[in-house]
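Please study the structure shown below and then work through the exercises that accompany it. Each task is followed by a solution in steps.

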Amino acid sequence: MAVLLGDKHRFAAEVGEWDDTLCRVDLWAAGQWLTCDDNMAFVKQFRLAVLNTAEWLRSGKGSPPPFTDLPPVATHKHLTLRAGDDDETEAEHELRGRFQALTWGPTTDNVTAYLFRDGDCLTITLQFWREPPEQAAEIFVTEIPVAEFAETLEDLVAVLDGVR
């Protein structure tokens, strides 16, 4: 039996069937199905990564957007402009790393996500790594209260703990 947590238009997780140490975990943000390439999570690693994100947010961490004059989509583009290129500077790499989000292993490695915090509100930008290129070009944006996002993550961890 699947358990749905959260709001698919902001952020949601659905936990489904188990297969030994793997569990089906579907994630949505901004109305997009994020785990469309791989929705079987290695629970031990995935659970820890999700829990670390929730604790990080509850501790007040997270930074406002680095470029106050740019909207979220333009900020996302600017952060990824030279990502992984030979000419990317260490400072650019470190700046990008400060905002990377949803880095929870193979289940989410098909998406580049950045998280920006403004007080009690989060803005998350998302971009898929996929073919055809026109699908990879679109950047999705969701806004969600910090407490709601952290609670959904904590509920996800609790469901993963209670399923086995």
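The exercises below concern strands, salt bridges, aromatic pairs and pockets in a predicted model.

**Exercise 1. The open sheet**

Task: Determine in which order the four strands of the open sheet are arranged, and which strands stand at the edges.

Solution.
- Step 1. The order of the strands is β6-β7-β8-β9, and their pairing is antiparallel.
- Step 2. The edge positions belong to β6 (100–101) and β9 (139–145); each has a single partner strand, so one side of each is left without a neighbour in the sheet.
- Step 3. For the pairing of β9, consider strand β8 (residues 121–128): the two are joined in the antiparallel sense over seven bridges.
- Step 4. A particular contact in this pairing is that of T123, whose bridge partner in β9 is E143.

**Exercise 2. The hairpin**

Task: Describe how β1 and β2 pair, and state how many residues lie between them.

Solution.
- Step 1. Strand β1 (residues 3–7) pairs with β2 in the antiparallel sense, over five bridges.
- Step 2. Three residues lie between β1 and β2, and the two strands form a hairpin.
- Step 3. Within this pairing, L4 has E14 of β2 as its bridge partner. The residue E14 returns in the next exercise.

**Exercise 3. Salt bridges around R24**

Task: Find the salt-bridge partners of R24, and decide whether the residues concerned are buried or exposed.

Solution.
- Step 1. The whole structure holds eight salt bridges.
- Step 2. One of R24's partners is E14, with a distance of 3.0 Å from N to O. R24 belongs to strand β3 (residues 22–29) and E14 to strand β2 (residues 11–19), and they are 10 residues apart.
- Step 3. D26 also forms a salt bridge with R24; here the closest N and O atoms are 2.3 Å apart.
- Step 4. R24 and E14 are both buried, and D26 is buried as well.
- Step 5. These contacts belong to a network of salt bridges that links E14, E17, R24 and D26.

**Exercise 4. A salt bridge between two helices**

Task: Explain why the salt bridge of R47 and D161 ties together parts that are apart in sequence, and classify the accessibility of R47 and of D161.

Solution.
- Step 1. The side chains of R47 and D161 form a salt bridge with an N to O distance of 2.5 Å.
- Step 2. R47 is found in helix α1 (residues 43–58) and D161 in helix α5 (residues 146–163), so the pair connects parts that are 114 residues apart in sequence.
- Step 3. A residue is partly exposed if its relative accessible area lies between the limits of 20% and 50%. R47 has 24% relative accessibility and therefore counts as partly exposed. D161, at 44%, is likewise partly exposed.

**Exercise 5. Aromatic pairs**

Task: Classify the geometry of the pair F46 and W104 and of the pair F99 and F116.

Solution.
- Step 1. There are five aromatic pairs in the count.
- Step 2. The ring centres of F46 and W104 are 5.9 Å apart and the planes stand at 90°; planes over 60 degrees apart count as edge-to-face, so this pair is edge-to-face.
- Step 3. F46 lies in helix α1 and W104 in the loop between β6 and β7, so the pair ties together parts 58 residues apart in sequence.
- Step 4. F46 is buried, its relative accessible area being 0%, and W104 is buried at 1%.
- Step 5. The pair of F99 and F116 is tilted, with 5.3 Å from centre to centre and 45° between the planes. Since F99 lies in helix α3 and F116 in strand β7, the pair ties together parts 17 residues apart in sequence. Both F99 and F116 are buried.
- Step 6. F46 and W104 also belong to one aromatic cluster with F11 and F149.

**Exercise 6. The pockets**

Task: State the volume of the largest pocket and of the second largest pocket, and identify which element gives the most to each lining.

Solution.
- Step 1. The largest pocket encloses about 300 Å³ of space. It is lined by 17 residues, of which Q100, V111, T112, A113 and W129 are the closest to its centre.
- Step 2. β7 gives the most to this lining, with four residues. The lining of the largest pocket comprises nine nonpolar, six polar and two charged residues.
- Step 3. The second largest pocket has a volume of about 180 Å³. Of its 13 lining residues, T53, W56, Q100, A101 and T103 are the closest to its centre.
- Step 4. The largest share of the lining of the second largest pocket comes from α1, with four residues. This lining divides into seven nonpolar, five polar and one charged.

Key:
Residues numbered from 1 in each chain as written. Predicted model: local features only at pLDDT ≥ 70, side-chain atom pairs only at ≥ 80, totals over all residues. Heavy atoms only, no water. Pairing = 2+ DSSP bridges. Salt bridge = Lys/Arg side-chain N within 4 Å of Asp/Glu carboxyl O. Buried < 20%, exposed > 50% of the residue type's maximum accessible area, 1.4 Å probe, protein only. 1 Å grid on protein atoms, 1.4 Å probe; cavity = no way out; pocket = protein on both sides within 12 Å on 5 of 7 lines; lining within 4 Å. Points joined across faces, edges and corners; volume = space filled by probe spheres on them. Nonpolar A, V, L, I, M, F, W, Y, C, P; charged D, E, K, R; others polar. Phe/Tyr/Trp six-rings, centres within 6.5 Å; stacked < 30°, edge-to-face > 60°.
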